[in-house]
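Colleague: Could you walk me through this model and tell me what stands behind the terms you use? I would like to see each value set beside its definition.

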Amino acid sequence: MKVHTYERAFLTLGGLLLVACLGALLYASLAMGIHLPGRVGQIDPEALASTPPFDAPGVRQTGPGAYEVVMIGKAWVFEPAEVRVPAGTAITFTATSSDVLHGLHVDGTRLNMMLVPGQVSQNTYRFEEPGRYLILCHEYCGAGHHTMYGTVIVE
Ligand SMILES: [Cu+2]
């Protein structure tokens with residue numbers, strides 16, 4: 001009799017936990033706008049220097065209040081290593097790797113992508129506060145991994 005009661009309690013608890021996790025997932029994606037960075041295309045990592053937009057890495061305005069940062073991760077730098085963007089605008093980071101797997105994380109934000117050779121990653125973020133933000137490689141990419149960083153200057 002007691003075993004039956006415990007079984008029901010654990011099943012109920014398990015069911016409630018599943019519903020709570022699904023609710024948290026839906027809230028994060030629908031209400032908070034948190035999404036996985038999208039894989040937007042494929043590219044030949046050997047031909048980045050001649051393939052737009054990676055032939056001209058940097059910041060460009062794509063529309064009113066919208067900017068794109070084109071960035072390449074390579075052992076062991078980000079190119080460009082420093083970008084200047086305006087605060088309060090939608091900044092789309094379009095990035096890839098020219099050699100091995102790298103990561104691109106902007107400290108203090110939810111901007112976090114994998115840079116995979118041959119794939120183009122994209123993620124959009126709005127910096128509300130001006131300041132300097134550290135870009136870190138968060139995927140071990142070789143002997144110089146710890147020296148791989150960059151800066152986003154939000155003005
Ligand atoms: Cu690294």
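Modeller: Gladly! Let me start with the two domains: their C-alpha centres lie 37 Å apart. Domain 1 covers 1–34 and domain 2 covers 38–154, with bounds that come from an automatic or database domain assignment. Please keep in mind that this is a predicted model, in which local features need pLDDT of at least 70, side-chain atom pairs count only at pLDDT 80 or more, and totals for chains, interfaces and linings use all residues. Residues are numbered from 1 along each chain as its sequence is written.

Colleague: What helices and strands are there in the protein?

Modeller: There are 1 helix and 11 strands, in the order α-β-β-β-β-β-β-β-β-β-β-β along the sequence. These are DSSP runs numbered from the N terminus, with at least four residues (H or I) for a helix and at least two (E) for a strand.

Colleague: Why is the protein called more spread out than a compact globule?

Modeller: Its radius of gyration is 20 Å, well over the 15 Å that the globule rule gives for 155 residues, so the protein is more spread out than a compact globule. The radius is taken over C-alpha atoms, and the rule is 2.2 Å times the number of residues to the power 0.38. The C-alpha atoms fill a box of roughly 75 × 35 × 30 Å along the principal axes.

Colleague: Why is Ala-66 called buried or exposed?

Modeller: Ala-66 has 12 other C-beta atoms within 10 Å, so Ala-66 is exposed. The cut-offs are 20 or more such atoms for buried, 12 or fewer for exposed, and partly exposed in between, with C-beta atoms placed from the backbone. Ala-66 lies in strand 3 (residues 66–74). Across the whole protein, 23% of the 155 residues count as buried.

Colleague: And which residues does Ala-66 touch, not counting those up to four places away in sequence?

Modeller: Thr-89 and Ala-90. A contact is a pair of C-beta atoms, placed from the backbone, that lie within 7 Å. Ile-91 is 25 residues from Ala-66 in sequence, yet 6.1 Å away in space, C-alpha to C-alpha.

Colleague: What makes strand 7 and strand 8 a pair?

Modeller: Two strands pair if DSSP finds at least two bridges between them. Strand 7 (residues 102–106) and strand 8 are joined by 4 bridges and run antiparallel. One of the partners in strand 8 is Met-114, bridged to Gly-103. The hairpin has 5 residues between these strands, and Gly-108 takes a positive phi near 85 degrees there.

Colleague: Which side chains of strand 8 point to the buried face?

Modeller: In strand 8 (residues 112–115), Met-113 and Leu-115 point to one face and are buried, while Asn-112 and Met-114 point to the other and are not. In a regular strand the side chains alternate between the two faces of the sheet.

Colleague: How does strand 11 pair with its partners?

Modeller: Strand 11 (residues 149–154) pairs with strand 5 (residues 82–85) in the parallel sense over 4 bridges, and with strand 10 (residues 131–136) in the antiparallel sense over 6 bridges. Val-154 is the bridge partner of Val-85 and also of Gly-131.

Colleague: Lastly, what makes a nonpolar core, and how many residues has the largest?

Modeller: A nonpolar core is a set of buried Ala, Val, Leu, Ile, Met, Phe, Trp, Tyr and Cys residues joined through C-beta atoms within 7 Å. The largest has 24 residues, and those with the most contacts inside it include Val-69, Phe-93 and Ala-95. Strand 3 gives the largest share, 4 residues.

Terms used: Contact = placed C-beta atoms within 7 Å.
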